[in-house]
Amino acid sequence: MEQATFRLINTRKLRLYLVISAGVLVLLGLYLASRYNYLLFHSLAEIFSIVVAFGIFVVAWNSRRFLDNSYFLLLGIAYLFVGAIDLAHTLAYPGMNIFPGYETNEAAQLWIVARYVEGLSLLVAPLFLSLGRKLRIYLVLVSYALATSLLLTSIFYWNIFPQAFVEGVGLTLFKKVSEYLVCLILLVAVGLLFQKRGKFDKGVLRLLIASIVATITSELTFTFYVDPYGLPNLIGHFLKIVSFYLIYKAVIETGLVAPYNVLFRNLKQSEDQYRDLYEEAPNAYISVGVDGHIKMANRYAVKLLGYPLDELVGRPFYELYADTASGKTKAQKLFQRFLAGEEIRDEELEMRRADGSKMWISLSVRPILDEKGRVVASRSMVIDTTKYKEMDQLKDEFIGLVSHELRSPLTVITGTVNTVLTEGARLSPEETRQLLQDAALEAGALSHLLGNLLELSRVQANRLFLYTEAISVQNIIQDTVERIKPQSLPHQFVINIPSNLPPAYADPLRLERILYNLLQNAVKYSPQGGEIRVSGKLDEGHLVIGVHDQGIGISHSDQAKLFGPFQRLEESRLGGAGGVGLGLLVCRRLVEAHGGRIWVESEPGRGSAFFFTLPLSKG
Ligand code: ADP
């Protein structure tokens, strides 16, 4: 940082030295020219300042859009005419012999006219500072043109302009007084400028003041000369060059350098903004060229695909796709469509990350065209849809499972009812009762499954309403266990609840559903039988109910997944237990609706315990 500042100061200094050296060289050259031929010097010096004066006009005029006040525009117009009058002065200079009959007097008259125009313009220009951009430029131009023509006519045609130089005597009183007057005007102009210094950049103000001071000094030297070829005249012209150059610098600074700096700063800012938007976007953006190679990728794309940026850029796009029909093959087809200039929206493809793992993505591609309408590259957005795809697959699986779970009890029910109807006469009352009991059991399971589905659809639609009241959990536990018992003979059911457990504040039917789901799982996932125990205790202002079994258990990694939708663990699927993976999700939603929480404690092979909390009755 320090080094950078140091370098900056150094380059600035260097530039200043160069400008000063170039300036000194120009002045030295002019001086040498003056030694050789004063007329040559005068012409060169004047032409130099005339060119600069026109330059001031050209810059101010063309950058008027950037100028936020009319000061410089007015000066620009003024210097156009100052330059024009100075040109007339140069051409009329003694020895030029361009306007026959005109001598030193006319040249001096033109000089003083140019200085008046310059001085008065510098005097009034600060008044235009507060005018914004409302300067009526054409009116100003016409006024200057008119004033200049009148002044020139009064010198060359009407001969009414006061004498400035008398041959053999020197400068007239009018000329001398005028020079002092111009100095005075310029001093007031400096004062006004200083008063309005807040409206200028510091550097620009310094240039302006330095320029006016140079003009004042130049004017003072011109009051001395007796001979238009003398030393004061030489120094005066030097100072005039310096003065014009400084104004020119000030106009360039304000009209070009500063606005460009602002423009570049704005441009840089907006570029940074868009770059940030592109780089930090929570989607992957990739650009592919017509040669099929990746040209650009944002940070998210790098993260998603797992390649470092320099390995991603330049890589053929198809390498990113999995070797499947929905991977490489589809990507190639989409690429052809992109080459044909077609826009592609939300196409599902299979990609392959750097580590070889696959993912599903949704791809949208917009071709970028050049001015002739040819495709040059793509803007592609890649959204990782693996999660949704998996969800979708789970849903499909779930629909299959539900249909199966609905069909098997229905088959049993239809079968038993048909048997009783057709074979009724031949069956003993005991056999008929057994058949109908089987049918009732299956009907119960069916109704339970439909109940779970209904509860979930209510949760999904945000329409789960609880009918809470103060209830004794013992009774409900007792009833639910009685309902489960017929489903499993090899299990021993134990209820372990202290008799003084306070009442809970819950929806009795929902509590029954939670318990039924947990007890049914305990039965399903302990195929070897064993004890199924329901516990209850008071804990930190709520009840904790537990359902314990001695079944297959659940590994720690699986425990986290259990309460999500359609989750069925590998072991239970392989074990052949029926189910659709909704019971625990329903339990979780119902417990949460009561303001409680549900969790599992389990060791694989040694059984599981599911706990949930219920709020206590306030009454
Ligand atoms: P399911 O209809 O499959 O039983 P649940 O949502 O009730 O659905 O349970 C989800 C999964 O959690 C089950 O498939 C099973 O793998 C596991 N699980 C649930 N309860 C137990 C338990 N008591 N013992 C072992 N695993 C269980």
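A cavity here is a set of grid points where a 1.4 Å probe fits but cannot get out, and its lining residues are those with an atom within 4 Å of a point. The structure is a predicted model.

**Exercise 1. The largest cavity**

Determine how many cavities of 30 Å³ or more there are, and which elements and residue types line the largest one.

Solution.
Step 1. The count gives two cavities of 30 Å³ or more.
Step 2. The largest cavity holds about 190 Å³ of space.
Step 3. Its lining is made up of 18 residues; V288, F317, Y321, L363 and S380 lie nearest the centre.
Step 4. At least two lining residues each come from strand 3 (284-288), helix 11 (325-339), strand 5 (344-352), strand 6 (358-369) and strand 7 (375-384). Helix 11 supplies the largest share, four residues.
Step 5. By type, 16 of the lining residues are nonpolar, two are polar and none is charged.

**Exercise 2. The five-stranded sheet**

Work out the strand order of the open sheet and its edge strands, then place helix 11 and helix 12 against the strands.

Solution.
Step 1. The order of the five strands is 4-3-7-6-5, with antiparallel pairing.
Step 2. Strand 4 (294-297) and strand 5 each pair on one side only, and these are the edge strands.
Step 3. On average, neighbouring strands of this sheet are turned by 30 degrees against each other, direction ignored.
Step 4. Helix 11 packs on the sheet and touches strand 3, strand 5, strand 6 and strand 7. The direction of helix 11 makes about 145 degrees with that of strand 5.
Step 5. Helix 12 (residues 386-423) lies across strand 5, strand 6 and strand 7 and runs at about 130 degrees to strand 6.
Step 6. Within the sheet, strand 6 and strand 7 run antiparallel and are joined by nine bridges. In this pair, L363 stands opposite V382 of strand 7. L363 is also one of the residues that lie nearest the centre of the largest cavity.

**Exercise 3. A hairpin**

Describe the pairing of strand 13 and strand 14, and state which residue of their hairpin takes a positive phi.

Solution.
Step 1. Strand 13 (residues 598-603) pairs with strand 14 (residues 607-615) in the antiparallel sense, over six bridges.
Step 2. Across the pair, I598 faces F612 in strand 14, standing opposite that residue.
Step 3. Three residues lie between the two strands of the hairpin. In this hairpin G605 takes a positive phi, near 80 degrees.

Note on methods. Residues numbered from 1 in each chain as written. Predicted model: local features only at pLDDT ≥ 70, side-chain atom pairs only at ≥ 80, totals over all residues. Heavy atoms only, no water. 1 Å grid on protein atoms, 1.4 Å probe; cavity = no way out; pocket = protein on both sides within 12 Å on 5 of 7 lines; lining within 4 Å. Points joined across faces, edges and corners; volume = space filled by probe spheres on them. Nonpolar A, V, L, I, M, F, W, Y, C, P; charged D, E, K, R; others polar. Pairing = 2+ DSSP bridges. Axes fitted to C-alpha atoms, helices over the stretch in contact; angles between N-to-C directions. Contact = heavy atoms within 4.5 Å.
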